[in-house]
Amino acid sequence: MKKFFLAPSILSADFARLGEDTQNAIDAGSDLIHFDVMDNHYVPNLTMGPMILQALRNYNITIPIDVHLMVQPVDNLILPFAKAGATFITFHPESTKDINRTINLIKDHGCKVGMAFNPSTPLCFLDYTIENLDLILLMSVSPGFGDQIFLSSTINKLHEVRKRIDASAFDILLEVDGGIKIDNISSIAHAGANVFVIGSGFFKYPNYKIIVNKIRQELQCSCYRDVH
Ligand code: DX5
Ligand code: ZN
């Protein structure tokens with residue numbers, strides 16, 4: 001398996017030319033696309049629904065898309081997002097009444113399951129669920145907006161989740177979302193993350209190849225430091 005995955009959050013893309021901007025991010029070397037869904041209820045912001053996801057698939061965006069649901073309730077949006085072309089559907093455990101039901105709905109509709117943790121959400125939600133997850137997402141800001149400051153408490157939490165994943169022996173991706181920039185990405189990688197969501201720190205660059213190369217360089221150095 002590849003060691004690190006770069007997942008630009010199109011929350012910071014140009015919505016007036018979303019297809020083209022997303023394709024440019026892919027052409028620059030992104031591994032997956034992070035798609036933030038906000039409902040003005042679970043979080044105080046309103047973004048994109050399944051029709052936009054379908055429009056991206058119709059535009060021939062074929063790489064995996066990680067749909068990050070910041071919505072409440074969750075379950076009635078799973079089928080529309082699965083049909084529209086979600087690869088991963090990631091939900092917040094406190095936003096659903098029955099975690100097991102939500103996990104099964106995501107799987108039954110052919111998608112991979114992600115569970116997202118807000119900065120203050122305890123990891124006990126992994127008890128009895130970890131074996132059913134494909135991805136664990138740690139929020140490193142309060143969800144709802146791009147371009148916030150990375151919370152350093154995420155680093156300890158990351159170490160803890162990395163231990164749990166390794167102890168489980170399951171192949172679970174560990175994703176971090178919020179405030180990732182070129183100057184903190186290697187410490188996030190060191191703490192055990194392997195999927196990096198980057199919104200404002202990616203789309204602010206006029207040429208995405210520049211930021212992708214910078215990130216890859218940082219992560220390669222970080223691998224090097226791991227080994228030696
Ligand atoms: C925030 C979203 C993030 C956001 C990250 O609630 O879940 O995915 O786009 O943006 P940056 O990288 O700008 O913090
Ligand atoms: Zn997100």
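Helices and strands in this tour are DSSP runs, numbered from the N terminus, a helix having at least four residues and a strand at least two. The model is a predicted one.

**The whole chain**

Begin with the complete chain displayed as a cartoon. Eight helices and eight strands can be traced in it. The radius of gyration is 16 Å, close to the 17 Å that the globule rule gives for 228 residues, so the chain is as compact as a globular protein of that length. Along the principal axes, the C-alpha trace spans about 45 × 45 × 30 Å. Buried residues make up 54% of the 228 in the chain.

Should a surface be switched on, about 10300 Å² of the chain is exposed, and carbon and sulfur atoms supply 53% of that area. A contact map adds a further view: among contacts between residues at least 6 apart in sequence, 64% join residues at least 24 apart.

**Helix 2**

Select residues 50–58, which form helix 2, and show the side chains of Leu53, Leu56 and Arg57, the buried residues of this helix. These residues cover an arc of only 100° around the axis, which puts them on the same side of helix 2. Turn to the other side of helix 2, where Met51 and Asn58 are exposed.

Next, display the elements against which the buried residues of helix 2 pack: helix 1, strand 2 (33–38), strand 3 (65–70) and helix 3. Just after helix 2, select Asn60, whose phi is positive, at about 80°.

**His68 in strand 3**

From helix 2, move to strand 3 and select His68, which lies in this strand. With a relative accessibility of 0%, His68 counts as buried. Show the side chain of His92 as well; a polar contact of 2.9 Å links it to the side chain of His68.

Leaving aside residues up to four places away in sequence, His68 also touches a set of other residues, including His34, Phe35, Asp36, Val37, Leu137, Met139 and Asp177.

**Ligand 1**

Now select ligand 1 and the 20 residues around it; Ser9, Asp36, Asp147, Asp177 and Ser200 come nearest. Two of the residues named here, Asp36 and Asp177, are also among those that His68 touches.

Which atoms approach the oxygen atoms of ligand 1? Three distances may be inspected in turn:

- For Ser200, an N or O atom of the side chain is 2.5 Å from an oxygen atom of ligand 1.
- For Gly179, a backbone N or O atom lies 2.8 Å from an oxygen atom of ligand 1.
- For His34, an N or O atom of the side chain is 3.4 Å from an oxygen atom of ligand 1.

Taken alone, ligand 1 exposes 390 Å², of which the protein buries 100%.

**Helix 4**

Proceed to residues 99–108, which form helix 4, and display its buried residues Ile99, Thr102, Ile103 and Ile106. They cover an arc of only 100° around the axis, which puts them on the same side of helix 4. Rotate to the face turned away from this buried side, which carries the exposed residues Arg101 and Asp108.

The buried residues of helix 4 pack against helix 3 (78–84), strand 4 (88–91) and strand 5 (112–117). Helix 3 is thus a useful element to keep on display, as the buried residues of helix 2 pack against it too.

Inspect both ends of the helix. At its start, a side-chain oxygen of Asp98 reaches to within 3.1 Å of the backbone nitrogen of Asn100. Just after helix 4, Gly110 has a positive phi of about 85°.

**Two loop residues**

Select Thr121, in the loop between strand 5 and strand 6 (135–139). Is Thr121 buried or exposed? Its relative accessible area is 6%, under the 20% limit, so Thr121 is buried. The side chains of Thr121 and Glu94 are joined by a polar contact of 2.7 Å. Beyond residues up to four places away in sequence, Thr121 touches Glu94 and Lys157.

Finish at Arg17, in the loop between strand 1 (5–8) and helix 1 (18–27). Arg17 is partly exposed, with a relative accessible area of 32%. To close the tour, draw a distance from the C-alpha of Arg17 to that of Asp75: the two residues are 58 apart in sequence and 30 Å apart in space.

Terms used
Residues are numbered from 1 along each chain as its sequence is written. Chains are lettered from A and ligands numbered from 1 in the order in which they are written. This is a predicted model: local features need pLDDT of at least 70, side-chain atom pairs count only at pLDDT 80 or more; totals for chains, interfaces and linings use all residues. Side-chain values use heavy atoms; hydrogens and water are left out. Buried means under 20% relative accessible area, exposed over 50%, partly exposed in between (1.4 Å probe, protein chains only). The arc is that of the directions from the helix axis to the C-beta atoms. Contact means heavy atoms within 4.5 Å. A polar contact is a pair of N or O atoms within 3.5 Å; within protein, one must be able to donate a hydrogen and the other to accept it, and residues adjacent in sequence count only if both atoms are side-chain atoms. The radius of gyration is taken over C-alpha atoms; the globule rule is 2.2 Å times the number of residues to the power 0.38. Accessible areas come from the Shrake-Rupley method with a 1.4 Å probe; for residues, only the protein chains shown count as cover. A residue is near a molecule or strand if one of its heavy atoms lies within 4 Å of it.
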